[in-house]
Amino acid sequence: GTLLPRGASTTYYLAKLADTGLAQKVLFILTSTLNQAVNVQLMGHESDSPTDEVGRLNIGATQNLPATNGKVGIGVDLTTDWYPWMGVVIQTTASAPTSGQVDIRIVMQRWALKKPEGAI
């Protein structure tokens with residue numbers, strides 16, 4: 001997905017969260033063309049409701065996403081910390097950026113049930 005963090009607000013949410021109900025591992029790759037650095041907070045949620053703070057849980061520490069061609073990858077092993085829905089919250093440090101966007105790519109490794117070699 002793509003976020004366009006511009007305007008009066010300083011906090012931005014994804015329009016839709018990633019369904020990680022069957023995932024084993026998740027990697028969020030964020031690339032910024034914004035004209036200023038922003039903070040990224042990975043979050044888990046009990047439903048696909050990105051702006052609902054009641055069901056949202058922050059995962060790990062806030063990461064800094066540098067301005068102009070900045071890139072950060074945030075991975076989570078869901079075998080120890082499992083969340084049915086995941087996403088990111090982006091916050092600016094002062095005023096909102098005036099140009100650019102943040103591209104967010106989500107890569108998941110899914111659970112797989114495989115028969116052992118020679119099983120019937």
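R56 is buried, with a relative accessible area of 17%. In this predicted model, R56 forms a salt bridge with E53, and the closest N and O atoms of the pair are 3.8 Å apart. E53, by contrast, counts as exposed, at 54% relative accessibility. The pair therefore joins a residue under the 20% cut-off for burial to one over the 50% cut-off for exposure.

**Salt bridges**

Side chains of opposite charge can pair when their charged atoms come close. The structure holds two salt bridges. Besides the pair formed by E53 and R56, there is one between K16 and D48, whose closest N and O atoms lie 3.0 Å from each other. This pair links distant parts of the chain, the two residues being 32 residues apart. K16 belongs to the loop between β2 (11-13) and β3 (18-19), whereas D48 belongs to the loop between β5 and β6 (56-65). K16 is exposed, with a relative accessible area of 53%. D48 counts as partly exposed, because its relative accessibility is 28%, a value between the cut-offs of 20% and 50%.

The two pairs are set out below.

| Salt bridge | Closest N and O atoms |
|---|---|
| K16 and D48 | 3.0 Å |
| E53 and R56 | 3.8 Å |

**Surroundings of Q41**

Q41 is placed in strand β5, which covers residues 38-45. At 9% relative accessibility, Q41 counts as buried, since the value is under 20%. Two polar partners of the Q41 side chain can be named. One is the backbone oxygen of G60, which the side chain of Q41 reaches at 3.3 Å. The other is the side chain of T62, with which the side chain of Q41 makes a polar contact at 3.0 Å. Leaving aside neighbours within four places in sequence, the residues in contact with Q41 are N58, I59, G60, A61, T62, G87, V88 and V89. G60 and T62 thus appear both in this set of contacts and as the polar partners of the Q41 side chain.

**The loop position S99**

S99 is found in the loop between β8 (85-92) and β9 (102-110). With a relative accessibility of 33%, S99 counts as partly exposed. In sequence, S99 and Q36 are separated by 63 residues, while in space their C-alpha atoms are 8.7 Å apart.

Technical notes. Residues numbered from 1 in each chain as written. Predicted model: local features only at pLDDT ≥ 70, side-chain atom pairs only at ≥ 80, totals over all residues. Heavy atoms only, no water. Helix = DSSP H or I, 4+ residues; strand = E, 2+ residues; numbered from the N terminus. Buried < 20%, exposed > 50% of the residue type's maximum accessible area, 1.4 Å probe, protein only. Polar contact = N/O pair within 3.5 Å; in protein donor to acceptor, adjacent residues only side chain to side chain. Contact = heavy atoms within 4.5 Å. Salt bridge = Lys/Arg side-chain N within 4 Å of Asp/Glu carboxyl O.
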